[in-house]
Amino acid sequence: MKSEITGITRANEGIQGISWNILGQTYVPKSNTENSFSWHATLPPGTFVPPHIHPDQDEYLYMLEGKLDFVLGNSEAQATPGDLIRLGMGVPHGIFNKSDQTAKVLFWVSPTKKLFDLFWGLHNMKEQKPEDVVAMAAEFNIHFLPPPPGAG
């Protein structure tokens with residue numbers, strides 16, 4: 001079991017100096033144990049994470065800057081700085097920056113499962129083609145949903 005190391009991860013640093021580029025966003029891991037994994041995310045305008053499901057993880061987002069739109073199950077919502085978004089395991093959700101400003105968010109999941117490893121895999125892809133991202137995510141038990149009828 002990997003347990004937490006007491007200390008401080010500085011504002012502009014990730015653990016072990018890691019920074020990932022995933023779907024046009026920057027993810028900087030802040031902590032990683034068996035029970036919890038957190039990362040700071042910078043989402044430029046126009047970027048998004050398509051609707052997907054974590055069948056065995058709860059996910060949380062704490063809004064630091066900007067505004068994000070969400071698909072939460074069968075509803076839609078917006079969040080702004082200071083808001084906490086709670087995404088229960090098994091609930092479909094998508095994250096969209098439809099604004100003209102960069103959004104900054106602290107994410108975390110519990111338990112960690114294989115998400116840290118998935119982010120490494122996605123970051124290391126030569127080209128993050130949607131079909132390859134979806135296939136790799138499924139190998140790590142993250143399941144992207146098909147686009148709604150008439151989309152695209």
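## A tour from the open sheet to helix 2

Begin by selecting the sheet of this predicted model, in which 6 strands are arranged in the order 1-2-3-10-5-8, with antiparallel pairing, to form an open sheet. At its edges stand strand 1 (20-22) and strand 8 (84-87), and because each has a single partner strand, one side of each is left without a neighbour in the sheet. If you look along the strands, you will find that neighbours in this sheet are turned against each other by 25° on average, direction ignored.

Next, select residues 58-65, which make up strand 5, together with strand 8: the two pair in the antiparallel sense over 4 bridges. Within this pairing, show the side chains of Y62 and of L84 in strand 8, since these residues stand opposite each other. As background to such pairings, strands of a sheet are joined through backbone hydrogen bonds, either parallel or antiparallel.

Now move to residues 115-123, which form helix 1, and keep the sheet displayed, for this helix lies across strand 1, strand 2 (25-32), strand 3 (37-43) and strand 10 (103-110). Relative to strand 1, helix 1 runs at about 80°.

The following stop is helix 2, residues 130-139, where V133, M136 and A137 are buried. Viewed down the axis of helix 2, the buried residues fall within an arc of 100°, so they line one face of the helix. In general, an α-helix has 3.6 residues a turn, so residues three or four places apart point the same way. Turn to the other side of helix 2 and you will find E131 and E139, which are exposed. To see what covers the buried residues of helix 2, add helix 1 and strand 11 (143-144) to the selection, as both are included in that cover. Just past the helix, select N141, which follows helix 2 and has a positive phi, near 65°.

Finally, zoom out to the whole protein, which has 2 helices and 11 strands; from the N terminus on, its elements run β-β-β-β-β-β-β-β-β-β-α-α-β. The C-alpha trace spans about 50 × 35 × 30 Å along its principal axes, and the radius of gyration is 15 Å, which agrees with the value near 15 Å that a compact globule of 152 residues would have. Among contacts with a separation of 6 or more, 66% are between residues 24 or more positions apart. Of the 152 residues, 39% count as buried, while the protein exposes about 8600 Å², of which carbon and sulfur atoms supply 53%.

Terms used:
Residues numbered from 1 in each chain as written. Predicted model: local features only at pLDDT ≥ 70, side-chain atom pairs only at ≥ 80, totals over all residues. Heavy atoms only, no water. Pairing = 2+ DSSP bridges. Axes fitted to C-alpha atoms, helices over the stretch in contact; angles between N-to-C directions. Contact = heavy atoms within 4.5 Å. Rg over C-alpha atoms; globule rule 2.2 N^0.38 Å. Buried < 20%, exposed > 50% of the residue type's maximum accessible area, 1.4 Å probe, protein only. Areas by Shrake-Rupley, 256 points an atom, 1.4 Å probe, with all protein chains shown as cover. Arc of directions from axis to C-beta.
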